[in-house]
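Visitor: I would like to go through this model step by step. Please start with the strands.

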Amino acid sequence: MSEGASPPFAHTPYDGSARPFTVGLMPLDPAEWIEPDALLADHLAEKDRLLAGAARAPVLLAEEGTADAQREVLDLLADHLPARFPDLYSREGTRIAIAGTGRTVDLDEPCDMPLALAARLVQEDLVLMRRGGTGYRLAAAALFFPSSWSLAEKFGKPMDAIHAGVPGFNDGRMGPIVARIFDNLTVERPSWRLNWSLYSGAGLHHPAPKPVSADGADTSRVDGTREALHVRVERQTLRRLAKSGDILFTIRIHHDPVAAFAGHPQGAVLAAGLRRQLLALDAAQLAYKGLTGERDAIAEALADLAGGTA
C-alpha cells in the first residue's frame, strides 16, 4: 500500500477470503510490512494522549534484557520507512521527520524503552515475543490500541495464557498450529493475517475485556444500529528478528463505520459477507466477540445495506 489516504475498508476479511477463529497466515511481502495512511497524524496524536495517561492503563511494558531487541525493531523501522515511503519519512542523521504531522523522532533520544521511540513512528502497535521454557511469551510491548485485552494482564504470559478464552485456541487445533508457526518462522519469510470485530464508535483504545456472565454469554452492549456500529480490522504481521531471534508481532487497526458500506462501490457485497460470517459464529464465538445480544439487530442492519445480495 502506498502512502496517502487509504479507501474505506482497506481490508475486508469478512468478504469470505478469511474465516474467523482460524490462523489464516499468508506470506508477507517485506515492502508491505507497515501501512501508513491519511490517519497517521491522528493515530500518533492518540498515542501521545494515551502515553500521558499511562498510569491508568499501561501502554508500555518490557522485561529486563529486551533493550537490544527493542533497538533492533527501532533500527528496522528507521531503515524501512524512509526507503519505502520517501515522501512521508525523511531521515537526516539520527532524526526522522514525518511529513504532515509536525513530528520528528530522534533515534538517539535518551529512552529507557527503544520500543517507545519505534511506536512514535508508525500507527502499528509493536509486541515482542520471546521464547522460554513454556513457549513464547509477551516480553515487551508498545500497545496503544488493544482490541478488548489488557497489556498489564497479558504481559509476561505465554501464548496459551494470552489466548485463554479464545474459542478453539487451547481447546482445539489453533494453539498447537500457532506454536509450530512460531517455532518455524524464519527471518526470510514474514507472515501476516487479518481479524475483524465490531464495536460501537471509532475508538482505538479498548483495554477492557468484554464482560462475560457466569453462563458464558457476553454481557456487553454493542450498539447494533448502523449509525453507531464500526467494523474494526486488525492487520497483524509476524517477523523473526535476525539478531535477537525474538518475534516481532505488529498490529495495525483499521476501523470504519458500517454505514460507509452504503457509499462503497462493493458495499452491498461486503455487507452481505460480514452478515454471513456473523450468522455463522457459534455461541462461544459470539460471546467472545461481544455480539450475542445484538447479533440479530446487526444482521438486520447489514441485510438492509446488502440489499438483494444478502
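Visitor: In what order do the strands of the open sheet of seven run?
Guide: This is a predicted model. Its open sheet has seven strands with antiparallel pairing. The order is β1-β8-β9-β10-β6-β7-β2.

Visitor: Which are the edge strands of that sheet?
Guide: An edge strand here pairs on one side only. That holds for the strand at 26-27 and the strand at 60-62. The edge strands are therefore β1 and β2.

Visitor: Over how many bridges do β8 and β9 pair?
Guide: Strand β8 covers residues 191-200, and strand β9 covers residues 229-240. They pair in the antiparallel sense, and the number of bridges is 10.

Visitor: Which residue in β9 stands opposite R193?
Guide: R193 falls within the range 191-200 of β8. Its counterpart in β9 is Q236.

Visitor: How many helices and strands does the protein chain have?
Guide: The count covers both kinds of element in the protein chain. There are nine helices and 10 strands.

Visitor: What radius of gyration does the protein chain have, against the globule rule?
Guide: For 310 residues the globule rule gives 19 Å. The value of the protein chain is close to that, so the chain is as compact as a globular protein of that length. Its radius of gyration is 19 Å.

Visitor: What share of the contacts comes from residues 24 or more positions apart?
Guide: The contacts considered are those in the protein chain with a separation of 6 or more. Residues 24 or more positions apart account for 72%.

Visitor: What percentage of the residues count as buried?
Guide: A residue is buried under 20% relative accessible area. Of the 310 residues of the protein chain, the share that meets this is 48%.

Visitor: Is F9 buried or exposed, and what is its phi?
Guide: F9 lies in the segment before β1. Its relative accessibility is 5%, so F9 counts as buried. Most residues other than glycine have a negative phi. F9 is not a glycine, yet its phi is positive, at about 60 degrees.

Visitor: Is F21 buried or exposed?
Guide: F21 is also found in the segment before β1, and its phi has a positive value near 60 degrees. The relative accessible area of F21 is 15%, and the cut-off is under 20%, so F21 is buried.

Visitor: How far apart are the mean positions of the positive and negative charges?
Guide: The protein chain has 32 positive and 40 negative charges. Their mean positions are apart by 4 Å.

Key
Residues are numbered from 1 along each chain as its sequence is written. This is a predicted model: local features need pLDDT of at least 70, side-chain atom pairs count only at pLDDT 80 or more; totals for chains, interfaces and linings use all residues. Side-chain values use heavy atoms; hydrogens and water are left out. Helices (H or I, at least four residues) and strands (E, at least two) are DSSP runs, numbered from the N terminus. The radius of gyration is taken over C-alpha atoms; the globule rule is 2.2 Å times the number of residues to the power 0.38. Buried means under 20% relative accessible area, exposed over 50%, partly exposed in between (1.4 Å probe, protein chains only). Contact means heavy atoms within 4.5 Å. Lys and Arg count as positive and Asp and Glu as negative; His and the chain ends are not counted. The place of a charge is taken as NZ of Lys, CZ of Arg, CG of Asp or CD of Glu. Two strands pair if DSSP finds at least two bridges between them.
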